[in-house]
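Have the sequence and the 3D view open side by side while you read. We'll go through a few spots one by one and explain the terms as they come up.

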Amino acid sequence: MTSLSSYWSNQWLITAAITKRGLLRMRRLPSLLIPSIIMPIFFVIAFSGSFSSVVQLDGYDTNKAVNWMAAWAILQGSAFSGLGGGGLTATDLENGFFDRLRAAPITPASLIAGLVGYSITRATLPTTAVLIVSFGVLDADMPGGILGFVIAYFTAIAIAAVMSLFVLGIVFKMKTLKSLAVAQVVMFSMMFLSVGQAPLEAIEGWLYHVAKYNPITHVIRMGRQGFLGDVTWAGTQPGLISIALLMAGAGIWARGCYRKVDI
Amino acid sequence: MDNPIEAKGLTRVFGDLVAVNSINLSINEGEVFGFLGPNGAGKSTAVRMLTTLLKPSGGSAKVAGYDVASEASMVRKKIGVALQDAAIDPLMTGNELLKLQAVLHGITRQDAKIRCPELLERVGLTAAGDKRVGTYSGGMRRRLDLALSLVHRPKVLFLDEPTTGLDPTSRVALWEEVRTLNKEIGTTVFLTTQYLEEADQLAQRIAIIDNGQIVREGSPAALKSDVGAPTLRVDVVDSDFEIAKQVMTELGEERPARKGRIAIGLTGGTRAITVVLKALEDQNIEVQHVELDEPSLDDVFADATGRRLEGGGDT
């Protein structure tokens, strides 16, 4: 029992050390953060201003565009932060540092968890930045109260974790920084083919069907509910199920691709 | 007890290319073993298999008593690895990297606090420990790499071309460190190199690999003596040339030499040199110049492959 708890405690320390290394790199190379913080701030400012009247259409359930767009910008920033672990790994694969990690007696799960930990910690920064701008400058509302903020942060972290696992899989397969470009295309396609910018009621044609069945739609609705009204179990449950399924799928994908690293 | 490194028929294939072709290795406890070969011979592929970074396509290998394929995690606990190009994160400091390596190997924080400064001191990087690795010279990076591979006191140390790209002074300093490690701690060292001098200086036993196959194996001295006797070259005054030639060729097989010089294969090794000089002195022959040319590992490589390792030309 003691050796089992010591094993898990050791794995936890390894995961924390890998997360810490990522954060250390981020502190020493702040330029890594610029796109993931500037982009969502730009989104919320530009879209709230440009589409201020769009909320008069059915389905938006708010009278302020910023309430709709803030959640969308938070999730965009979090998805982009999910690239962090993948970017770090691609650099390590290119310069050989990844071999040092693989040659150590650590489990793939600890290594992957450490990289995901780095990505989700990164995701809290754009989330906080968007909230500060939305509430401090753009006069956003949070009718869902504290629970609205909690669910927004939770959704941001969950999206970052899912995207991080997904991107890691691509990086393990391609073993180069170029893989990030491929990952971004797939990642942002998933985000844009959802209810991120517009509610289902305002979407037509094939896009409507894709958005309706895209699991990201449920996740965005979950994260957005506090900006539009009360946080409810009915508004949270489909998002939680989608997150669980996405995590499981992306986790299996990342672990499977890790096996290909040495081929 | 098993030898620290044992390989039987170890093979790695990439598509149509057989990078390592059924090699057998048996390396003794506390030995410095040199794996010598030109670029692309299969050295690094073999090391990557032995260090569990690459799965063998065929054959088997045990390192520190554990199978590299089925007990990879146990192998990793017992080995230290310094791979080619000293892959070190340039944004981290030497201290930070050592601490990270300590965590990866399950060393407690208290032990790491003692061991990390010790290792920095051992490799002469105490003053640079808090500087980012990006500011280190090539030699400093290699020394840090060596320190990183020793954090968990491994039984077996793999050094993959540890001095490639280093200046002569840094190279000699690293050799000294490897020697000390082997002598003081008794670490078994598996060293790959393309430098003949490095293998000759450090390794107690050498395997020469070419096109994925081991073509010679043994101690440097034995390998060189297998190639042939050392060549003794003597210059004498012109008037004594013929008689000196007669005396010397009675003591060894004549070898090609430039005009005015006599060369023989020194049967009996370098100790026979005194016999030859005594015989010349007995005939009152005045010796002007003596030169002894021992076979080199390059001669061994050439004998085994028909090519030279240094210079890369055919023999």
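In chain B, strand β1 (residues 5-14) and strand β4 (residues 58-63) run antiparallel and are joined by five bridges. Strands and helices here are DSSP runs, numbered from the N terminus: a strand is E with at least two residues, and a helix is H or I with at least four. Two strands pair if DSSP finds at least two bridges between them. If you want one bridge to look for, B:Thr11 has B:Gly58 in β4(B) as its partner.

Now zoom out to the sheet. It is an open sheet of four strands in chain B, in the order β2-β1-β4-β5, with antiparallel pairing. Its edge strands are β2 (17-27) and β5 (66-67) of chain B, each of which pairs on one side only.

A word on what you're looking at: this is a predicted model, where local features need pLDDT of at least 70, side-chain atom pairs count only at pLDDT 80 or more, and totals for chains, interfaces and linings use all residues. Residues are numbered from 1 along each chain as its sequence is written, while chains are lettered from A and ligands numbered from 1 in the order in which they are written.

Next, some loop residues of chain B. A residue is buried if 20 or more other C-beta atoms lie within 10 Å of its own, exposed if 12 or fewer, and partly exposed in between, with C-beta atoms placed from the backbone.

| Residue | Loop in chain B | Other C-beta atoms within 10 Å |
|---|---|---|
| B:Thr52 | between α1 (43-50) and β4 | 25, buried |
| B:Glu161 | between β7 (156-160) and α6 (168-184) | 21, buried |
| B:Gly134 | between α4 (109-122) and α5 (138-150) | 13, partly exposed |
| B:Met92 | between β6 (79-82) and α3 | 20, buried |

Which phi does B:Thr52 have? Its phi is near 70°, a positive value in a residue other than glycine. B:Glu161 is not a glycine either, and its phi is positive too, at about 45°.

B:Gly134 and B:Pro90 are 44 residues apart along the chain, yet their C-alpha atoms are separated by 4.1 Å. Leaving out residues up to four places away in sequence, B:Gly134 touches B:Pro90 and B:Leu91. Contact here means that the C-beta atoms, placed from the backbone, lie within 7 Å. With the same neighbours within four places set aside, B:Met92 is in contact with A:Leu24, B:Leu97, B:Arg132 and B:Val133.

That brings in chain A. The contact between the chains takes 21 residues from chain B and 20 residues from chain A. On the chain B side, α3(B) gives the largest share, four residues. By class, that side has 11 nonpolar, four polar and six charged residues. Nonpolar covers Ala, Val, Leu, Ile, Met, Phe, Trp, Tyr, Cys and Pro, charged covers Asp, Glu, Lys and Arg, and the others, Gly among them, are polar.

Finally, two helices inside chain A. The axes of α4 (residues 83-95) and α6 (residues 108-136) of chain A come within 7 Å and cross at roughly 130°. α4(A) and α6(A) are therefore oblique to each other. Angles under 35 degrees count as roughly parallel, over 145 as roughly antiparallel, 65 to 115 as roughly perpendicular and the rest as oblique. Axes are lines fitted to C-alpha atoms, for helices over the stretch in contact, and angles run from 0 to 180 degrees between N-to-C directions. The residues that meet include A:Leu88 in α4(A) and A:Tyr118 in α6(A).

Terms used:
Contact = placed C-beta atoms within 7 Å.
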